[in-house]
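Let's take a walk through this fold, strand by strand and then out to the charged side chains. Keep the structure open beside you as we go.

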Amino acid sequence: MNELDQRIVHALAEDARRSYADIGAEVGLSAPAVKRRVDRLRTEGAITGFTVRVDPAALGWETEGFIELFCRRNTSPDAIHRGLARYPEVASASTVTGEADAIVQVFASDMRHFERVLERIAGEPFVERTKSVLVLSPLLRRFSSGSPG
């Protein structure tokens, strides 16, 4: 992906509803040229889709927390993924370095709901123990895609 492609992707990441003409005016291309590049980036897999960002609280998810998972021996990332994919409250999950094997971001309607989700996840057969923290105030969330440097 060259610098022009990166600028187009960044513009789409900021607002995927922007027109190709608007993006083209920003990056110095015609609307059809922007469309061709976006189509190519989709075909190549650099752009995997378009989505909308919704405030979780607007959907009733008032409580956010992170759960560190400490898994039983020989638990594969695929097994963790399969186990967590069933929970609609799980917003993201990643394997990590350090003591924990994975970290899970959870949204819940309230503290009781978070506690129930935590208990269910802790009861998964691959989980040895958990450690959780609750978010008081999200300080910074970035959704745009800049270059990594």
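Start with Ser92, whose bridge partner in β3 is Gln105. That pairing belongs to a set of five bridges that join strand β2 (residues 90-95) to β3, with the two strands running antiparallel. Keep in mind that this is a predicted model. Between the strands of the β2 and β3 hairpin there are six residues, and in this hairpin Gly98 takes a positive phi near 100 degrees.

Now look at what else β3 pairs with. β1 and β3 also pair in the antiparallel sense, this time over seven bridges. You can find one spot in β3 by looking at Ala108, which stands opposite Thr63. And is β3 (residues 102-108) mostly covered or mostly open? Mostly covered: six of its seven residues are buried.

Step back along the chain and you come to the loop between α3 (31-44) and β1 (63-71), which is where Leu59 lies. Leu59 has a relative accessible area of 58%, so it counts as exposed. Together with Val52 and Val54, Leu59 makes a nonpolar surface patch of about 310 Å².

On to the rings. The count of aromatic pairs comes to zero. Phe70 does have a charged partner, though: Arg129 lies over the face of its ring, at 3.8 Å from the ring centre.

Salt bridges are another story, with a count of 10. A good place to look is Asp5, which forms a salt bridge with Arg37, the closest N and O atoms being 2.7 Å apart. This pair links distant parts of the chain, since Asp5 sits in helix α1 (residues 3-14) and Arg37 in helix α3, 32 residues apart. Asp5 also meets the side chain of Arg40 in a salt bridge, at 2.9 Å from N to O. Here again distant parts of the chain are linked: Arg40 is in helix α3, Asp5 is in helix α1, and 35 residues separate them.

How covered are these two partners? Asp5 has a relative accessible area of 2%, so it is buried, while Arg40, at 32% relative accessibility, counts as partly exposed. Zoom out a little and you'll see a network of salt bridges that links Asp5, Arg37, Arg40 and Glu44.

One last pair to visit is Arg18 and Asp22, whose side chains meet in a salt bridge at 2.7 Å, N to O. Asp22 counts as partly exposed, because its relative accessibility is 36%.

Definitions and conventions:
Residues numbered from 1 in each chain as written. Predicted model: local features only at pLDDT ≥ 70, side-chain atom pairs only at ≥ 80, totals over all residues. Heavy atoms only, no water. Patch = residues over 30% accessible without salt bridge, like charges linked within 9 Å, V, L, I, M, F, W, Y side chains within 5 Å. Areas by Shrake-Rupley, 256 points an atom, 1.4 Å probe, with all protein chains shown as cover. Salt bridge = Lys/Arg side-chain N within 4 Å of Asp/Glu carboxyl O. Helix = DSSP H or I, 4+ residues; strand = E, 2+ residues; numbered from the N terminus. Buried < 20%, exposed > 50% of the residue type's maximum accessible area, 1.4 Å probe, protein only. Pairing = 2+ DSSP bridges. Phe/Tyr/Trp six-rings, centres within 6.5 Å; stacked < 30°, edge-to-face > 60°. Lys NZ or Arg CZ within 6 Å of the ring centre and 35° of its normal.
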